Amino acid sequence: MTLALHGVGYRYAGASTESITGVSLEMRDGEVVGLGGASEAGKSTMCLVLSGLAPRAIKGVLSGTLLVDGEDVTAWPMHRMAEVVGTIFQDPTTQLSGVCATVFEEVCFGSMNLGLARDKVIDRTYAALDAMGIGELAARDPSRLSGGQMQLVAIAGLLAMRPRHLVLDEPTAQLDPAGTVLVADALAHLAAEGASILIAEQKTDMLARICSRVLILESGRIVLDGAAEDVLADARLDALGVPAPSAVRLRRALDAAGLATDLPADLVA
Amino acid sequence: MGGVAGPVGLIVVAVLLPAIWAGVARRLIRTALLLSLPIAISVLLINVFFFPGGQDILLRIGPVTATREGVAFAMETLLRIGVISGSITLFYLTTRPSDLVLDLERRGVSARLGFVTNAAVQMVPSMVERAASITAAQRARGLDTEGGLRKRLSGVVPIVGPVILGAINEVEARTLALEARGFSRPGRRTLLWAPGDSGIQRLVRWLIVVTVPLAIAIRSSGMLAGFGG
């Protein structure tokens with residue numbers, strides 16, 4: 001299955017210019033695509049368009065086409081998009097339904113909305129809790145969790161819906177390093193099972209860890225697109241407002257000190 | 001004190017006894033008193049001192065007088081307020097909002113309506129927490145929220161504004177999250193369980209269904225006029 005944008009632009013209602021312009025992208029099964037860029041570069045808008053929320057839930061004008069398996073999905077209702085494309089945003093407090101008494105119910109929420117069989121909902125919920133390593137939180141009140149725990153619950157809820165494509169807008173923004181690693185490992189596991197994932201993220205270390213391909217946006221346009229190791233080592237990253245991963249910065253520092261040649265390449269790659 | 005027997009009976013039978021049975025009597029009394037205190041004070045002052053047509057004067061303070069009729073009417077009104085706040089508090093202390101929504105959905109009520117009901121209930125503590133954190137943040141930036149009435153009033157706007165705007169933003173963000181989780185899908189959602197519903201609960205519900213219209217009919221017909229009802 002593929003999720004693709006062809007020449008897509010999006011202008012929010014009331015705005016005079018497009019927030020993203022002429023964006024084309026094709027995501028294949030098992031591919032993890034990173035999306036970087038400075039603030040206001042258009043990362044969140046691209047996530048909203050890929051998820052189908054723009055223009056269905058956020059009014060604006062969409063140009064170009066969004067394709068799922070080659071089918072133009074412009075006319076699809078939002079609930080149908082939600083079955084195919086799962087979406088997570090950065091603020092964990094607003095990701096949760098706010099009406100569930102326990103984490104288990106919260107993780108069930110999405111698959112219950114899809115009208116799946118009861119046993120399937122329960123099986124998927126246990127599997128999603130396990131995948132995120134939060135089984136011990138199942139009986140807790142979601143509103144009493146830390147921000148990081150809430151985000152893990154939100155991602156588990158998304159996993160329980162089993163969408164083929166995941167669009168994640170800075171999902172680890174409020175997670176500690178351990179939580180970030182947990183999310184990264186869970187996403188890598190999902191990609192290995194065939195899901196395609198687009199992750200907008202400021203943490204380039206995270207992108208370097210799990211992405212096979214990275215795109216960099218500037219003023220709503222894709223300015224860098226290629227293999228993760230190439231894009232994340234590109235000398236233009238700093239100028240684009242994207243900090244290079246720590247491994248790349250270490251390599252540069254070692255180069256500058258004349259030490260890098262003494263180290264194995266994979267240590268600083 | 002005509003009209004007191006009915007509310008007292010309701011408070012005992014429909015509020016206190018069930019609260020004792022459910023083990024929430026202490027919390028119920030505290031919460032119901034807190035809920036009804038502001039309106040109770042105003043009702044008491046207005047009716048005791050400004051009851052129209054009161055003849056039997058108990059106390060005179062300058063131009064205002066407290067009358068026996070005013071005290072009687074205030075007591076009756078206070079007891080009615082007690083019934084209302086007590087029964088609402090009892091409901092929220094004994095019913096999980098998610099169980100209520102689940103049961104409404106099971107009985108065919110729209111998931112959206114259930115969600116709105118539940119979200120409205122859940123929003124209250126969330127707004128209180130938000131207000132507390134914004135108050136703390138504004139005080140850390142030098143806002144004086146203590147002291148005289150004027151100072152307190154001038155401190156309200158910088159707190160209420162962010163609370164309301166924050167709540168609106170939260171609603172927008174949560175709407176997007178709900179859409180992304182398939183909430184707008186037509187048709188019935190999967191319901192995983194049914195809340196417990198014992199025989200005694202069903203019996204009480206049927207008693208309410210029968211007695212409330214009966215009480216309204218009796219009250220409307222004036223049958224209890226002689227008892228002050």
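## Exercises on a predicted two-chain model

B:Val204 is a residue of helix α8 of chain B. The model used in these exercises is predicted.

**Exercise 1.** Find which nonpolar patch on the surface includes B:Val204, and which helix gives the most to this patch.

Solution. Start from B:Val204, which lies in helix α8 of chain B. Next, list its partners: B:Trp21, B:Ile200, B:Leu203, B:Leu207, B:Ile208, B:Val212 and B:Ile216 form the nonpolar surface patch together with B:Val204. Their joint accessible area is about 790 Å². Last, look at the helix: α8, residues 199-221 of chain B, gives the most to the patch, with seven residues.

**Exercise 2.** Describe the contact between chain B and chain A: how many residues take part, and how much area is buried?

Solution. Begin with the residues: 27 of chain B are in contact with 38 of chain A. Then take the area: about 2800 Å² is buried between the two chains, and carbon and sulfur atoms give 58% of this. Within the area that chain B buries against chain A, B:Arg181, B:Thr190 and B:Leu192 supply 28%, more than any other three residues.

**Exercise 3.** Work out which polar pairs and which helices of chain B belong to the interface with chain A.

Solution. First, count the pairs: 13 residue pairs, both members at pLDDT 80 or more, are in polar contact across the interface. Three salt bridges are also found there. One salt bridge is formed by the side chains of B:Glu129 and A:Arg144, at 3.0 Å from N to O. The cut-off for a salt bridge is 4 Å, so this pair qualifies.

Second, turn to the helices: α5 (111-140) and α7 (157-180) of chain B each supply at least two residues of the side that touches chain A. Helix α7(B) gives the most, with eight residues. Third, sort that side of chain B by class: twelve residues are nonpolar, six polar and nine charged.

**Exercise 4.** Locate B:Asp103 and name the side chain with which its side chain makes a polar contact.

Solution. B:Asp103 lies in helix α4, residues 97-106 of chain B. Its side chain makes a polar contact with the side chain of B:Arg106, at 2.7 Å. Further along the chain, B:Leu113 is ten residues from B:Asp103, and their C-alpha atoms are separated by 12 Å.

**Exercise 5.** Which backbone angles stand out at A:Glu40 and at the bond between A:Ala54 and A:Pro55?

Solution. Start with the general rule: most residues other than glycine have a negative phi, and most peptide bonds are trans. A:Glu40 is not a glycine, yet its phi is positive, about 70 degrees. This residue lies in the loop between β3 (32-37) and α1 (43-51) of chain A. Now take the bond: A:Ala54 and A:Pro55 are joined by a cis peptide bond, with omega about 10 degrees. A:Pro55 is found in helix α2, residues 53-56 of chain A.

How values were computed
Residues are numbered from 1 along each chain as its sequence is written. Chains are lettered from A and ligands numbered from 1 in the order in which they are written. Side-chain values use heavy atoms; hydrogens and water are left out. Contact means heavy atoms within 4.5 Å. Buried area is the accessible area (1.4 Å probe) that two parts lose on being put together, summed over both. A polar contact is a pair of N or O atoms within 3.5 Å; within protein, one must be able to donate a hydrogen and the other to accept it, and residues adjacent in sequence count only if both atoms are side-chain atoms. Helices (H or I, at least four residues) and strands (E, at least two) are DSSP runs, numbered from the N terminus. Ala, Val, Leu, Ile, Met, Phe, Trp, Tyr, Cys and Pro count as nonpolar, Asp, Glu, Lys and Arg as charged, and the others, Gly among them, as polar. Patches are made of residues with over 30% relative accessible area and no salt bridge: like charges are joined within 9 Å, nonpolar side chains (Val, Leu, Ile, Met, Phe, Trp, Tyr) within 5 Å. Accessible areas come from the Shrake-Rupley method with a 1.4 Å probe; for residues, only the protein chains shown count as cover.
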